[in-house]
Amino acid sequence: MEKFVYYAPTEIVFGRDTENRTAELVKKYGGTRVFVIYGGHSAVKSGLIGRIEENLKEAGIPMLAMGGVVPNPLVSTAREMVKAALEFDADFILGVGGGSVMDTAKGVAHAVASPEHDIWDFWTGTKVEKSLPIGAVLTISAAGSETSNSAVLTNDLKVPPTKRGINNNFNRCKFAIMNPELTMTLPKYQIGAGAADIFMHTSERYFAAILGNHLTDEMAEGLFRDIILYGPKGVEDPQDYEAMSEIMWCGSVSHVGLTGIGAQGDTPREGDWACHQLGMAISALYDSTHGATLTAVWAAWARYVREANIARFAQFARKVYGITEEDDMKASEAGIECTNAFFKSVGMPLSLTELLGHEPTDEEIEAIATECTYDRKRKIGSFKVLDYDDIVAIYKACR
Ligand code: NZQ
Ligand code: ZN
């Protein structure tokens, strides 16, 4: 094995009723005044926010809760929350929800720790130098934000809006409370979108330019098989505790960095992430559900790039789906078909037309490609580096 650094500091507290340990964990990580962030209605309706409030109150920890985070979270909402958290003098940020809530919590934590900056500065080049401690109570298995080093926000004041991510270790939560029962109230569509996103967090690291580490591959292939097995079971019956727990753990392991370990010489295996960039541009302009944007583009991306390393796609087909075809190109095609069948089995769209509800025009595709390349200023991907024209071709192929 070549050089690598693996940093995954989040304390995972998994299982039934674990949300009752919120106050204990907040205290452990130094929180004395907690600003609680949640989304729309689900966490209030389920009584979770009330239970957490009670838990903190009993431990004598002052808290202020603020909701309103929407999927594809907005920087304008986060800005309001920064103001409220500063006024409250918060020293700990607790997110109760999914990726959108957690990413907002991360942004708020950074901006409260450095109030001389506007929150969006951190998404446009300003380095995060410090932050408040952040904790997560997870209610949806999908984005993996509870263990990842990423945070993704949409700048809704920009015309057209832009959706961007940042990666740094201040984005790592101190703890993540993961009770699969909290995900049983999810709509089937969100469970399916989550399963797709979990698959993709492994796929983005598996189809990379830099590879290395057999164990990493074995883990990734196991993760693929697990989410392919349990994703549809969770969609079928959200009360299936076993399925919902497998999906939840898959979600965190998929995005904690474990499936990205490896290097060639000094160059680390950093992943490809082109599908995420393709998908985020769609979400920026159409507010589409993150996981669904990924399934709409994946097969077209795969067919466009596979010849950069056809053996890798063949390995994926053989190890993940048990394809016995000896010809690499034919095996890769079978793997792509199987993956589309998985996406379909969790209720996800397989084309842009299915995703958007209409067939996008050439002008629409050019607008998405412009957002994806930040006004033609960047290329994406590493498995095969993609420029504006490649991106347009891929979007057209998944129409
Ligand atoms: O707002 P509420 O009412 O809570 O409803 C939410 C929301 O509508 C609902 N929901 C969540 N838990 C529920 C529930 N409904 C019923 N019962 C529950 N227990 O689910 C909807 C989606 O929530 P959201 O947080 O948006 O989902 P997800 O976790 O998929 O997060 C998506 C966001 O994360 C970003 C995505 O781009 C997107 O903005 N990502 C973040 C990453 C990271 N930080 O590492 C990596 C990902 O690749 C991704 O980009
Ligand atoms: Zn994702």
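How far does a polar side-chain atom of serine 42 lie from an oxygen atom of ligand 1? In this predicted model, the separation is 2.6 Å. Two further polar side-chain atoms can be placed beside the ligand: one from lysine 163, lying 2.7 Å from an oxygen atom of ligand 1, and one from threonine 139, lying 2.8 Å from a nitrogen atom of ligand 1. On its own, ligand 1 would expose 950 Å², and the protein buries 88% of that area.

Let us widen the view to the shell. There are 31 residues around ligand 1, and those that come nearest are Gly40, Ser42, Ser100, Ser148 and Lys163. Serine 42 and lysine 163 are thus worth finding first on your screen, as each has a polar side-chain atom beside an oxygen atom of the ligand. Sorted by class, the shell holds 18 polar, 10 nonpolar and 3 charged residues.

Which elements of secondary structure supply at least two residues each to this shell? Helix H5 (99–113), strand S6 (150–155) and helix H6 (188–206) do. It also helps to think in domains: ligand 1 lies between domain 1 (11–182) and domain 2 (188–397), because both give residues to the shell around it.

Now for the empty spaces. Rolling a probe the size of a water molecule over the atoms shows where such space is left. A search of the whole structure turns up 1 cavity of 30 Å³ or more. The largest cavity has a volume of about 40 Å³, and its walls are formed by Ser141, Thr183, Leu186, Ile191, Met244 and Ile247. That lining has 4 nonpolar and 2 polar residues, with no charged ones.

Turning to the pockets, the second largest has a volume of about 180 Å³. Around it you will find Tyr7 and Pro9, then the run Ser131, Leu132, Pro133 and Ile134, and finally Asn169, Phe170, Arg172, Cys173 and Lys174. Here the lining divides into 7 nonpolar, 2 polar and 2 charged residues.

A few backbone details round off the tour. Most residues other than glycine have a negative phi, and most peptide bonds are trans. With that in mind, have a look at the bond between valine 159 and proline 160: this peptide bond is cis, with omega at about -10°. Proline 160 sits in the loop that connects S6 to strand S7 (162–167), and S6 is one of the elements that supply residues to the shell around ligand 1.

Where does tyrosine 374 lie? Look in the loop between helix H14 (362–372) and helix H15 (388–397). Although tyrosine 374 is not a glycine, its phi is positive, at about 50°. Arginine 376 is found in the loop between H14 and H15 as well, and this residue, again not a glycine, has a positive phi of about 65°.

How values were computed:
Residues are numbered from 1 along each chain as its sequence is written. Chains are lettered from A and ligands numbered from 1 in the order in which they are written. This is a predicted model: local features need pLDDT of at least 70, side-chain atom pairs count only at pLDDT 80 or more; totals for chains, interfaces and linings use all residues. Side-chain values use heavy atoms; hydrogens and water are left out. On a 1 Å grid over the protein atoms alone, a cavity is a set of points where a 1.4 Å probe fits but cannot get out, and a pocket is an open set with protein on both sides within 12 Å along at least five of seven lines; lining residues have an atom within 4 Å of a point. Grid points are joined across faces, edges and corners, and a volume is the space filled by probe spheres set on the points. Ala, Val, Leu, Ile, Met, Phe, Trp, Tyr, Cys and Pro count as nonpolar, Asp, Glu, Lys and Arg as charged, and the others, Gly among them, as polar. A residue is near a molecule or strand if one of its heavy atoms lies within 4 Å of it. A polar contact is a pair of N or O atoms within 3.5 Å; within protein, one must be able to donate a hydrogen and the other to accept it, and residues adjacent in sequence count only if both atoms are side-chain atoms. Accessible areas come from the Shrake-Rupley method with a 1.4 Å probe; for residues, only the protein chains shown count as cover. Helices (H or I, at least four residues) and strands (E, at least two) are DSSP runs, numbered from the N terminus. Domain bounds come from an automatic or database domain assignment.
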